[in-house]
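Me: I would like to go through this model by question and answer, from the overall fold down to single residues. Please keep the reasoning short.

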Amino acid sequence: MLSTFSKQRGSNSNANKYSEINNVQLQYGKMLAAAAGVKRGHKVLDMGCGTGELTSFLAQKVGEESQVVGVDPDSERIKVAIQKHSQNIIFKHGESSSQFPHFDEQYYDIHFSNFVFQWLTPEEKEIFVQTAFKCLKAGGKIAIQSHEDDADIVKEAKNISVPKGYAVRRVSAV
Ligand SMILES: C[S@@+](CC[C@H](N)C(=O)[O-])C[C@H]1O[C@@H](n2cnc3c(N)ncnc32)[C@H](O)[C@@H]1O
């Protein structure tokens with residue numbers, strides 16, 4: 001059912017329009033992919049994939065033998081993504097708290113998310129990170145790029161990750 005999510009944030013513009021004007025997000029997203037070390041063979045989850053342009057770039061990076069899963073709560077954006085991009089990508093309507101391919105197994109090398117985190121409530125952020133831990137392989141990475149000016153995103157990541165022995169690295173100027 002495509003209309004189960006009532007409130008959608010970060011998706012005010014029309015889906016086709018967003019697909020044409022997301023160059024800035026795409027360029028920054030490519031930098032995040034480089035910082036996260038996305039490479040051939042990786043299994044990547046793109047949470048909040050929008051219309052899929054960055055997901056497509058990630059799919060090229062991991063290669064045809066691997067796969068990227070893109071998830072977004074905006075059904076119109078997911079429709080555009082499915083129409084425009086296909087090779088080695090699965091697009092699913094959903095979000096962190098819903099079911100998506102391999103949501104309940106240690107499967108992904110990278111839980112990737114570009115300009116999504118700033119739209120989430122504190123409760124959703126917690127679910128977001130819990131979901132990421134659940135579906136990542138041992139040694140997997142969470143890569144988040146956000147608009148937030150203050151360091152809340154880094155503080156939250158540290159609170160959750162450092163006690164568990166994970167490292168948090170802040171990439172400046174992105
Ligand atoms: C600024 S767009 C970024 C899209 C894409 N990541 C990119 O870099 O072009 C933010 C996206 O976050 C999605 N979003 C909003 N709330 C979300 C949630 N709880 N979980 C996942 N995605 C969400 C929106 O539907 C929207 O497509």
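Reply: Helices and strands are taken here as DSSP runs, numbered from the N terminus, with at least four residues for a helix and at least two for a strand. The model is a predicted one.

Me: In what pattern do the helices and strands follow one another along the sequence?
Reply: The protein chain has six helices and five strands. Read along the sequence, they give the pattern α-α-β-α-β-α-β-β-α-β-α.

Me: What share of the contacts between residues at least 6 apart in sequence joins residues at least 24 apart?
Reply: The protein chain has 174 residues, of which 37% count as buried. For contacts between residues at least 6 apart, the share that joins residues at least 24 apart is 69%.

Me: In what order do the strands lie in the sheet?
Reply: The sheet is open and its five strands pair in parallel. Its edge strands, each paired on one side only, are β3 (89-93) and β5 (136-145). From one strand to the next the twist averages 15 degrees. The order is β3-β2-β1-β4-β5.

Me: Which residue of β5 is the bridge partner of Ile110?
Reply: Strand β4 covers residues 108-114 and runs parallel to β5, with six bridges between them. The partner of Ile110 in β5 is Lys141.

Me: Which residue of β2 stands opposite Leu45?
Reply: Strands β1 (residues 44-47) and β2 are parallel and are joined by four bridges. In general, strands of a sheet pair through backbone hydrogen bonds. Opposite Leu45 in β2 stands Val69.

Me: Which residues of β2 point the other way from Val68, Gly70 and Asp72?
Reply: Strand β2 (residues 68-72) is mostly covered, with five of its five residues buried. In a regular strand the side chains alternate between the two faces of the sheet. With Val68, Gly70 and Asp72 pointing one way from β2, the residues that point the other way are Val69 and Val71.

Me: Which residues touch the most other members of the largest nonpolar core?
Reply: This core contains 35 residues. Leaving out residues up to four places away in sequence, Val44 touches Val38, Leu58, Val62, Val68, Tyr108, Asp109, Ile110 and Phe112. The residues that touch the most other members of the core are Val44, Leu58 and Phe112.

Me: Why is helix α3 described as largely enclosed by the rest of the structure?
Reply: A residue is buried if 20 or more other C-beta atoms lie within 10 Å of its own. In α3 (residues 53-62) the buried residues are Glu53, Leu54, Thr55, Ser56, Leu58, Ala59 and Val62. The helix is largely enclosed because the buried count is seven of the 10 residues.

Me: At what angle do α2 and α3 pack?
Reply: The axes of α2 (residues 23-36) and α3 are 9 Å apart. The contact is made by Gln25, Leu26, Gly29, Lys30 and Ala33 of α2 and by Glu53, Leu54, Phe57, Leu58 and Lys61 of α3. These residues divide into five nonpolar, two polar and three charged. The packing angle is about 30 degrees.

Me: Is Phe115 buried or exposed?
Reply: Phe115 is found in the loop between β4 and α5 (122-135). Although not a glycine, Phe115 has a positive phi of about 55 degrees. With 20 other C-beta atoms within 10 Å, Phe115 is buried.

Me: What phi does Asn88 have?
Reply: Asn88 lies in the loop between α4 (75-84) and β3. Asn88 is partly exposed, with 16 other C-beta atoms within 10 Å. Asn88 is not a glycine, but its phi is positive, at about 40 degrees.

Me: How many Å apart in space are Lys84 and Glu53?
Reply: Lys84 belongs to helix α4. Lys84 counts as partly exposed, with 14 C-beta neighbours inside 10 Å. Lys84 and Glu53 are 31 residues apart in sequence, and their C-alpha to C-alpha separation is 8.7 Å.

Me: What separates the C-alpha atoms of Gly139 and Tyr108?
Reply: Gly139 lies in strand β5. Gly139 counts as exposed, with 8 C-beta neighbours inside 10 Å. Gly139 and Tyr108 are 31 residues apart along the chain, and the distance between their C-alpha atoms is 9.9 Å.

Conventions: Residues numbered from 1 in each chain as written. Predicted model: local features only at pLDDT ≥ 70, side-chain atom pairs only at ≥ 80, totals over all residues. Buried ≥ 20, exposed ≤ 12 C-beta atoms within 10 Å, placed from the backbone. Contact = placed C-beta atoms within 7 Å. Core = buried A, V, L, I, M, F, W, Y, C linked by C-beta atoms within 7 Å. Axes fitted to C-alpha atoms, helices over the stretch in contact; angles between N-to-C directions. Nonpolar A, V, L, I, M, F, W, Y, C, P; charged D, E, K, R; others polar. Pairing = 2+ DSSP bridges.
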